[in-house]
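Here is a short walk through one structure. Keep the chains in view as you read.

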Amino acid sequence: MTDLLNRHSFVELGARQRAKALLDTGSYRELIDPFQRVMSPWLSRQGVVPQADDGVVIAKGTLDGLPLVIAAIEGNFQGGSLGEVGGAKIAGALELAAEDNRNGVPTRAVLLLETGGVRLQEANLGLAAIADIHAAIVDLRQYQPVIGVVAGSVGCFGGMSIAAGLCSYLLVTREARLGLNGPQVIEQEAGLEEYDSRDRPFIWSLTGGEQRFNSGLADRYVADDVAQIRQQISQLLQQGLPAAQRSRQADYYLARLAALDAAPQIEPATVRDLYQGERP
Amino acid sequence: MRGLQWFNALSAGAAPVAGLPASLKVADGVLGEQAVRFIAVVPDAANRFPRARQGEVGLLEGWGLAKAVDEAIASGDQRPIIAIVDVPSQAYGRREEALGIHQALAAAADSYARARLAGHPVIGLLVGKAMSGAFLAHGYQANRLIALRDPGVMVHAMGKASAARVTLRSVEELEALAASVPPMAYDIDSYASLGLLWETLTVNQIEHPTADDLARVSDCLQQAIKDVQNSGVRDLRGRLGAVNRAASSRVRELLREQW
Amino acid sequence: METLSFEFPAGQPPKGRALVGCVGSGDLEVLLEPGTAGTLSIQVQTSVNGAEQRWQHLFQRLFQEQTPPALNIQIHDFGATPGVVRLRLEQGFEELGHD
């Protein structure tokens, strides 16, 4: 009980507060801050109210004294969807971090992912920006770890779930969900029997943070607590590049999928066993 | 089946690469005198994963694409990789979500991006649909994108019917809106206005390419390969600069100033 | 969506600026920046059409109690209730006071 009372929820924080909470005190500096009014050129003309930072916060600072850039998505604005400006902010920041490393500055990156993926009002420009983000993660990852954090409550979906899959390390909480397709879209495309988007326990059992961690699709499973999340990120950054990048394990995953009886509909336990083996 | 038709036409006489899922067509062939690897995702009615039988990019396809591209990288010869793109969507299903389709698609994007960074010219040839996550996994990491000009060639984040439902509009309303907002449009010329394509080509018979069509596309692919090789640029900056994508450039300028 | 403009008499501009809120459902984003001495100008972009009178009344009530500082305020509103608007504005003024 004391533990619970001492916790400070990370999930309840907005994107800007999250970024501030992770950086060393006093080191936070925001790039293209909201007062610069770099807003979506596409939303207003479609009658949608824009947000001054387009829902993405780019902050530079230090963690444990070493340079870090954080890209934090605000899940409460348009479901964390990525449009042209927000997408370019993330891609551009990662590109500059890679450039830093080529110039001898060891900038690392943390992505705070609360997003449904492409913002449909900016469709193809959101998709293009996400392709740029993928490219930039793979580039930066050659030099420094890129850490993805899915804390909740929006979760991480669409093209940005692919970005999560490209990260050197992925950290999730119990409030996190991670999947390519949102439940409603799957139900629409494949039918209620395939995927009941209203059955919340079912969806969490397949795509929730705990299941992803227990299936080896995430690297850390952390309580919703600012201090613990910060500490885990710090540890992962200190570890440096992972010995084996998850998105480079094609032979392993193809072999695991070959061993699966794909005929019956799947259960969460099947995934855990298939990818991790029986665990004590 | 356009993807298969173009794969067969371009890779005629080439050595097929074995050891991959049946939904992937991979062959090492030549373009002019240049050795290249062709890769296409095609329908496989017998796919073990029922939601990925019509050319969708699913679990086997994502991981399989990664393997096919990784083999090309391992060859060490920087051979160009031609991704023939005709992908109606990613696979939507329970097995797919449960088994981490996002991770499979990340593997494919990862491999294509690493191939590009390792100096392989990666060319995406759009002959059909290039939808959303499927395109992110197969084609969107290319140095150069070439699209055939045809109503069936389409790049988008979501199909019309689904996009209409999600945005609470009718399909007609969505189409009217899309006509005035270039990034929302479904036609290839609107897409081209975003500056993301290197070239658009007109052919006579997109479904069954003629010898003339094949020669034109083959020539364009060779030019694209040379363009990449001559530029020495391995990132995606060549896609920036269009008026309809001005904010993407502006944001990067500001970030650099304030970095 | 509608864009509205308002002006009120004000005192001197503050030194700092502030940002509160978010353009989320039932919420709003408020950006407060130093303006020209004597004038408080407010620009509102709102998802709710036809509410100009309600905004006018809300601001009047808020500023008649105390002369506000000279500010340029920009509001991006996503259907916030008057109570939430008032809360956010008060938060904003308080944050200005901290700087």
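Is Ser25(C) buried or exposed? Ser25(C) is exposed, because just 12 other C-beta atoms lie within 10 Å, and a residue with 12 or fewer counts as exposed. Keep in mind that this is a predicted model.

Stay with Ser25(C) for a moment. It sits in the loop between strand E2 (18–21) and strand E3 (28–34) of chain C. Setting aside neighbours within four places in sequence, Ser25(C) makes contact with Phe78(C) and Gly79(C). An unreviewed UniProt entry annotates Ser25(C) as "modified residue: O-(phosphoribosyl dephospho-coenzyme A)serine". The chain around it has an average pLDDT of 95. In chain C, 98% of the residues score at least 70. For the model, ipTM is 0.98 and pTM is 0.97.

Now see how the chains meet. Two pairs of chains are in contact, and chains A and B share the most contacts. Chain B and chain C have no contact with each other. Their closest C-alpha atoms are 15 Å apart.

Turn next to chains A and C. Twelve residues of chain A and 15 residues of chain C take part in the contact. On the chain A side, seven residues are nonpolar, four are polar and one is charged.

Next, look inside. The largest nonpolar core holds 176 residues. Those that touch the most other members are Ile70(A), Leu94(A), Ile39(B), Ile84(B), Leu105(B) and Leu126(B). Helix H4 (residues 123–140) of chain A gives the most to this core, with 13 residues. Another core lies apart from it, with 23 residues. Leu28(C), Ile75(C), Phe78(C) and Leu89(C) are among them. Phe78(C) is also one of the contacts of Ser25(C).

Take Ile84(B) as an example from the largest core. Beyond four places in sequence, its contacts include Gly3(B), Trp6(B), Phe7(B) and Phe38(B). Ile84(B) also touches Ile39(B), Ala40(B), Leu125(B) and Val127(B).

What about a charged residue? Arg239(B) lies in the loop between helix H9 (211–231) and helix H10 (246–258) of chain B. Arg239(B) is buried, because 22 other C-beta atoms lie within 10 Å, and 20 or more is the cut-off for buried. Not counting residues up to four places away in sequence, Arg239(B) touches Ala128(A), Gly195(B) and Leu196(B). Gly76(B) is 163 residues from Arg239(B) in sequence. In space, their C-alpha atoms are 27 Å apart.

Finally, follow the backbone of chain A. Most residues other than glycine have a negative phi, and most peptide bonds are trans. Three places in chain A deserve a look with that in mind.

Begin with Arg37(A). Its phi is positive, near 55°. Arg37(A) is in the loop between strand E1 (29–31) and strand E2 (56–63) of chain A. Arg37(A) counts as partly exposed, because it has 13 C-beta neighbours inside 10 Å.

Go on to Gln78(A). Phi is positive here too, near 50°. Gln78(A) lies in the loop between strand E3 (66–73) and helix H3 (84–102) of chain A. With 27 C-beta neighbours inside 10 Å, Gln78(A) counts as buried.

The last stop is a peptide bond. From Gly152(A) to Ser153(A) the bond is cis, with omega near 10°. Ser153(A) belongs to the loop between strand E5 (146–150) and helix H5 (159–166) of chain A.

Terms used: Residues are numbered from 1 along each chain as its sequence is written. Chains are lettered from A and ligands numbered from 1 in the order in which they are written. This is a predicted model: local features need pLDDT of at least 70, side-chain atom pairs count only at pLDDT 80 or more; totals for chains, interfaces and linings use all residues. UniProt positions are given in the numbering used here, feature names are shortened, and annotations may be inferred rather than shown by experiment. Helices (H or I, at least four residues) and strands (E, at least two) are DSSP runs, numbered from the N terminus. Two residues are in contact if their C-beta atoms, placed from the backbone, lie within 7 Å. A nonpolar core is a set of buried Ala, Val, Leu, Ile, Met, Phe, Trp, Tyr and Cys residues joined through C-beta atoms within 7 Å. pLDDT is the predictor's confidence in each residue, from 0 to 100. Ala, Val, Leu, Ile, Met, Phe, Trp, Tyr, Cys and Pro count as nonpolar, Asp, Glu, Lys and Arg as charged, and the others, Gly among them, as polar.
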